[in-house]
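Let's take a walk through this fold together, one piece at a time. Have the sequence and the 3D view open side by side as you read.

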Amino acid sequence: MSHSHHHHDDHCHGHSHSEGHEHDHGHGHGHGHDHHHVTLILSERHFKVLRWVFGLTFIYLVVEVAGGVISGSLALLADGFHMFADAMGIGLSLFAAWLSHRPAPEHRTFGYQRVEILAAFFNALLLIGMGVFILYESFERFQNPEPIQANLMLMVATGGLVVNIIGAKLLHQGHEHNLNMKGAYLHVLGDLLGSVGAILAGACIYFFDWRWADPLISCLISFLILFSALGLLKEAVNILLEGCPSHIDIEDIRREILTYEGIEDIHNLHVWNINMQRAVLTAHLEVTPEAFSGKTLNTVQQALKEKYGLSHVTLQLELP
């Protein structure tokens, strides 16, 4: 790999949430492995819950988009698009879980795990397109407001709120222990906000005939869409460019490795993601002749896997 270490270090420090995760990962060796197992793998029950939430969201987003078109409400259409963003996010988690159980073909040594990243990348671009479309439309509507069937708008938006509350309730149980569930839960909470916004806009039009409320709320919802899309795009691009995972601090790993007895120096240290869940580390370690053994390899490998939640650690021992 042609990255210089400096590029890697900057890359790793450049993420604002690195510290929070750091705290998560350093639970001590025994517990750490457990903790990571819990965070990433979707259990059968989680998988079922996500499928239900995906189904509900998908059905209702069709209702919202149709309601938006029929009632003339841009806010409903925007909320439908926002639900689409979330359904796609949950769909990606399901797709990734399904892919991880497929056997890898011989010529693709990592199996199909990168497909998830490509899907996330195109998904993010699609969402950015949607967000920009809603923004453009809302500016148009500010200039010439269109008539809106506020009663239909209110009914559909309230239905959306109910669907999101059900989704949030279903996801609430597993969201502390699983990153996929947590992501889906945050999506649904964002959706809930969108539906509340659409209800507010509908109420403003119904009671006060304030037509500008519709494009205003649409604007806000499009910012929600763009915010989640840009986050997804940033993560996908980082992984496609083999960047350091956002929750791992490379300097911290370097310090950790040097604490082991007999390790003199480290070079060619690389950390990258295969997909959104699985991170890989490779490094060359210079060791003293006494430490030149399988025991050193195993100790360091296990410790790194557990402390940082890495799925593969490949180390090469060298004598100085």
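Start with a spot where two helices touch: Ala75, Leu76 and Met83 in helix 5 meet Met153, Val156, Ala157, Val163 and Asn164 in helix 7. Sort that contact by class and you get 7 nonpolar residues, 1 polar and no charged ones. Keep in mind that you're looking at a predicted model.

How do these two helices sit against each other? Helix 5 covers residues 74–99 and helix 7 covers residues 150–172, and they pack at an angle of about 20°, with their axes 10 Å apart. An angle under 35 degrees counts as roughly parallel, and helix 5 and helix 7 therefore fall into that group. Their crossing is left-handed.

Now look at a residue that touches both partners. Tyr60 belongs to helix 4, which spans residues 44–71. Its neighbours are Met83, Met155, Val156, Gly159, Gly160 and Val163, leaving aside residues up to four places away in sequence. Three of these names should ring a bell: Met83, Val156 and Val163 also take part in the meeting of helix 5 with helix 7. Is Tyr60 buried or exposed? The cut-off for buried is under 20% relative accessible area, and Tyr60 has 14%, so it counts as buried. Tyr60 and Val163 are 103 residues apart along the chain, yet their C-alpha atoms are separated by 7.5 Å.

Next, find Met181 in helix 8, residues 179–208. At 1% relative accessibility, this side chain counts as buried too. Which residues does Met181 touch? Not counting residues up to four places away in sequence, they are Leu42, His46, Val49, Leu50, Leu171, Gly174 and His175. There's also a long jump in sequence here: Ser93 is 88 residues from Met181 along the chain, and the two C-alpha atoms are separated by 8.7 Å.

Another helix pair is worth a look. Helix 6 (residues 115–143) and helix 9 (residues 213–240) pack at an angle of about 160°, with their axes 8 Å apart. Angles over 145 degrees count as roughly antiparallel, and that is therefore the description for helix 6 and helix 9. Helix 6 passes helix 9 in a left-handed crossing. By class, the contact of helix 6 with helix 9 has 26 nonpolar, 5 polar and 2 charged residues.

Time to step back and see the whole chain. It holds 11 helices and 3 strands. Read from the N terminus, the elements go α-α-α-α-α-α-α-α-α-α-β-β-α-β. Of the chain's 320 residues, 50% count as buried. Take the contacts between residues at least 6 apart in sequence: 76% of them join residues at least 24 apart.

That brings us to the strands. The 3 strands form an open sheet in the order 1-2-3, with mixed pairing. Strand 1 (263–273) and strand 3 (312–318) are at the edges, and each has a single partner strand, so one side of each is left without a neighbour in the sheet. From one strand to the next, the twist averages 15°.

Where does the mixed pairing come from? Strand 1 and strand 2 run antiparallel and are joined by 8 bridges. A hairpin of 5 residues links strand 1 to strand 2, and Val271 stands opposite Leu281 in strand 2. On the other side, strand 2 (residues 279–287) pairs with strand 3 in the parallel sense over 7 bridges. Two positions to click on there: Leu285 has Leu317 in strand 3 as its bridge partner, and Glu286 stands opposite Glu318 in strand 3. Of the 9 residues of strand 2, 7 are buried, so this strand is largely enclosed by the rest of the structure.

Finally, check which helices join in around the sheet. Helix 10 (residues 250–258) lies across strand 1 and strand 2, running at about 145° to strand 1. Thr296 sits in helix 11, residues 294–308, and is buried, with a relative accessible area of 12%. Leaving out residues up to four places away in sequence, Thr296 touches Ile263, Ala291 and Leu317. You've met Leu317 already, as the strand 3 bridge partner of Leu285.

Note on methods. Residues are numbered from 1 along each chain as its sequence is written. This is a predicted model: local features need pLDDT of at least 70, side-chain atom pairs count only at pLDDT 80 or more; totals for chains, interfaces and linings use all residues. Side-chain values use heavy atoms; hydrogens and water are left out. Two strands pair if DSSP finds at least two bridges between them. Helices (H or I, at least four residues) and strands (E, at least two) are DSSP runs, numbered from the N terminus. Axes are lines fitted to C-alpha atoms, for helices over the stretch in contact, and angles run from 0 to 180 degrees between N-to-C directions. Contact means heavy atoms within 4.5 Å. Angles under 35 degrees count as roughly parallel, over 145 as roughly antiparallel, 65 to 115 as roughly perpendicular and the rest as oblique. A crossing is left-handed if the near helix is turned anticlockwise from the far one by less than a right angle, and right-handed if clockwise. Ala, Val, Leu, Ile, Met, Phe, Trp, Tyr, Cys and Pro count as nonpolar, Asp, Glu, Lys and Arg as charged, and the others, Gly among them, as polar. Buried means under 20% relative accessible area, exposed over 50%, partly exposed in between (1.4 Å probe, protein chains only).
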